[in-house]
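Subject: Structure handover

Hello,

Please find the structure below. My notes on a helix pair and a pocket follow.

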Amino acid sequence: MRQIVLDTETTGLYASDGDRIIEIGCVEVLNRHVTKNHFHQYINPERDSHPDALAVHGLTTEFLSDKPKFAEIARAFCDYIRGAELVIHNAPFDVGFLNAELARLDLPPVEELVACVTDSLVKARDMFPGRRNSLDALCERFEIDNTHRTLHGALLDAELLAEVYLAMTRGQETLEIEKLTLADEEEAARGKPLSAFQVMVLSPTEEELAKHEAVLDDIEKSNKGKPCVWRMEDIAEVTEAKEVT
């Protein structure tokens, strides 16, 4: 099971208005173990970031000016995510930006490249309705250290999200049943003899027995004298004894 935990940073909030991706960070998770096979790339967006966005990610136009354009890294990115499950926090935002970049190059959208897209924000809202479910809030909830996160960064956020998502989905991690030999199955079926167990038996006191009988009397009285089920066995034993004698 290959999962790619992905995050992006952008020049602004609206891909439809021409905002562009400036950073992609991806973390690979194989069979619920984070690998070192990351994908991380700064990108020259060929435009300035909106001041509000710049305050979030801190990636200046000058810093990005010598970085490759999206067209130069698109093929490598597509090959990296191909066939995997993408895990993204607020997936529509990142997928919308990625699809806008891919469309400019006449490349297929993300949904056609990957097995599926999982929105960890939707999952968090299902698990914790009515509570804050930002990445920082989830890190705090699952006791994941994010003190080094002063500015948003795609790779750092993807690494934190990978830890958060593994914590959110902790539990049964496989549907595979361990294969047993025929001898193992026979041994398991036989189990342990009863003599191997120490069973503690606590007998009721006379007072407890009297209270129990009083409750049964009340039940029978309310049932017009018909014996209650807890006394049926006793009646059967008495009847059988009379038939024998």
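The crossing of helix 6 and helix 8 is left-handed (the near helix is turned anticlockwise from the far one by less than a right angle; helices are DSSP runs of H or I with at least four residues, strands runs of E with at least two, numbered from the N terminus). The contact, meaning heavy atoms within 4.5 Å, involves S120, K123, A124 and M127 of helix 6 with L161, Y165 and M168 of helix 8.

This is a predicted model, in which local features need pLDDT of at least 70 and side-chain atom pairs 80 or more, while totals for chains, interfaces and linings use all residues. Numbering starts from 1 along each chain as its sequence is written, and side-chain values use heavy atoms, without hydrogens or water.

The largest pocket (an open set of points on a 1 Å grid over the protein atoms alone, where a 1.4 Å probe fits, with protein on both sides within 12 Å along at least five of seven lines) holds about 650 Å³, taken as the space filled by probe spheres set on the points. It is lined by 27 residues (an atom within 4 Å of a point), and T8, E9, V56, F93 and H152 are the closest to its centre. Strand 1 (2–10) gives the most to this lining, five residues. Helix 1 (51–57), helix 4 (91–104), helix 7 (135–141) and helix 8 are among the elements that each supply at least two.

Regards
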